[in-house]
Amino acid sequence: MEYELNASMMCANYGHLAREVTELEEAGIDSFHIDIMDGRYVPNYAMSLNDMSYIANTTFKPLDVHLMIEHPSSNIELFIRNLRKGDTIYIHPEAEYHPSTTLQKIIDAGMTPGIAINPGTSVETVMEMLRIVDKVLVMSVNPGNAGQMYLPYVGKKVEYLIELKEKMGFKLYWDGACSANKIQTYGPMGVDGFVLGTTLLFGRGREYKDILRDIREMRF
């Protein structure tokens with residue numbers, strides 16, 4: 001079974017970012033996951049608007065932009081202007097007074113709307129938004145840092161969202177502590193894609209093409 005594999009670019013080697021993008025493309029990555037952090041919504045700073053724009057202009061692959069920022073409606077046009085039609089923008093509903101309004105701006109711009117659900121956020125609190133987004137990103141760790149440990153209680157939430165996704169019409173993605181075991185367990189259950197970071201993809205001392213081949217062929 002095929003799953004979408006997305007590279008978490010905050011984990012890439014910024015000493016030669018262009019080469020990282022090219023090698024991931026050639027290895028068959030499906031999209032580039034861009035984590036934007038403002039140091040307020042999450043206690044960390046990560047990728048910038050310029051990083052996102054550079055990657056958007058370097059690759060033909062889609063971008064999945066994960067906005068971990070306060071009040072994304074205030075700056076959403078900046079991100080929209082630097083992306084391509086069809087790229088995905090995820091927002092965190094808790095970070096916005098009126099998240100559905102921000103999602104509508106994303107839709108009107110020809111982008112793919114998505115929401116990211118934190119470990120401590122219940123599905124019930126975002127139920128209405130599930131009807132208008134195309135993608136749901138489930139955080140299996142608290143947002144803000146790479147290399148965290150998986151939070152086991154998130155598994156039940158993933159199972160619940162798998163039950164809802166066909167009726168609601170969204171695709172489901174896993175973000176955080178994405179190990180081979182998580183792909184083997186939750187991929188066949190109905191998760192559509194996985195964001196790959198330091199657990200499986202980056203800093204492993206192997207070529208990306210070999211890692212992605214092993215993931216797709218479930219050779220771990």
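Which loop holds Gly-187? Gly-187 sits in the loop between H6 and strand E8 (193–196). The structure here is a predicted model.

**Confidence**

The mean pLDDT of the protein chain is 93. Of its residues, 95% reach 70 or more. Among the elements of the chain, strand E4 (residues 88–91) has the highest mean pLDDT, 98. Helix H6 (residues 180–186) has the lowest, 92.

**Single residues compared**

Gly-187 is buried, because its relative accessible area is 0% and buried means under 20%. In sequence, 131 residues separate Gly-187 from Ala-56. In space, their C-alpha atoms are 28 Å apart.

Asn-6 belongs to strand E1 (residues 4–8). Its relative accessible area is 1%, so Asn-6 is buried. Asn-6 has many listed partners beyond four places in sequence. They include Ile-29, Asp-30, Ser-31 and His-33. Asp-64 and Tyr-173 are also in contact with Asn-6. So are Phe-194, Val-195 and Leu-196. Gly-86 is 80 residues from Asn-6 along the chain, and 15 Å separates the two C-alpha atoms.

Glu-159 is found in helix H5. Glu-159 counts as partly exposed, because its relative accessible area is 29%. Setting aside residues up to four places away in sequence, Glu-159 touches Tyr-186 and Met-189. Leu-201 lies 42 residues from Glu-159 in sequence. The C-alpha atoms of Glu-159 and Leu-201 are 25 Å apart.

The three pairs are set out below.

| Pair | Separation in sequence | C-alpha to C-alpha distance |
|---|---|---|
| Asn-6 and Gly-86 | 80 residues | 15 Å |
| Glu-159 and Leu-201 | 42 residues | 25 Å |
| Gly-187 and Ala-56 | 131 residues | 28 Å |

**The nonpolar cores**

The largest nonpolar core has 66 residues. Met-9 and Leu-130 have the most contacts inside it. Helix H5 (residues 154–168) gives the largest share of this core, 6 residues. Another core, of 6 residues, lies apart from it. Among its members are Leu-137, Met-139, Tyr-173 and Val-195. Tyr-173 and Val-195 are also among the residues that Asn-6 touches.

What does Met-9 contact, leaving aside its neighbours within four places in sequence? Its partners include Tyr-14, Leu-17, Val-21 and Leu-24. Phe-32, His-33 and Ile-34 are in contact with Met-9 as well. Met-47, Ile-55 and Phe-202 complete the list. His-33 is also a contact of Asn-6.

**Helix H1 against helix H7**

Two packed helices are described by the angle between their axes and by the distance between those axes. Helix H1 (residues 17–27) packs on helix H7 (residues 208–216) at an angle of about 35°. Their axes are 8 Å apart. The crossing of H1 and H7 is right-handed. From H1, the contact uses Glu-20, Glu-23, Leu-24 and Ala-27. From H7, it uses Tyr-208, Lys-209 and Leu-212. Of the residues in this contact, 4 are nonpolar, 3 are charged and none is polar. Leu-24 of H1 is also in contact with Met-9.

**Positive phi**

Most residues other than glycine have a negative phi. Two residues with positive phi follow.

His-71 is not a glycine, yet its phi is near 45°. His-71 lies in the loop between strand E3 (63–68) and helix H3 (76–81). Its relative accessibility is 27%, so His-71 counts as partly exposed.

Ala-177 has a positive phi of about 50°, although it is not a glycine. Ala-177 is placed in the loop between strand E7 (171–175) and H6. Is Ala-177 buried or partly exposed? Ala-177 counts as buried, because its relative accessibility is 19% and the cut-off is under 20%.

Definitions and conventions. Residues numbered from 1 in each chain as written. Predicted model: local features only at pLDDT ≥ 70, side-chain atom pairs only at ≥ 80, totals over all residues. Heavy atoms only, no water. Core = buried A, V, L, I, M, F, W, Y, C linked by side-chain atoms within 4.5 Å. Buried < 20%, exposed > 50% of the residue type's maximum accessible area, 1.4 Å probe, protein only. Helix = DSSP H or I, 4+ residues; strand = E, 2+ residues; numbered from the N terminus. Contact = heavy atoms within 4.5 Å. Axes fitted to C-alpha atoms, helices over the stretch in contact; angles between N-to-C directions. Left-handed = near helix turned anticlockwise from the far one by under 90°. Nonpolar A, V, L, I, M, F, W, Y, C, P; charged D, E, K, R; others polar. pLDDT = per-residue confidence, 0-100.
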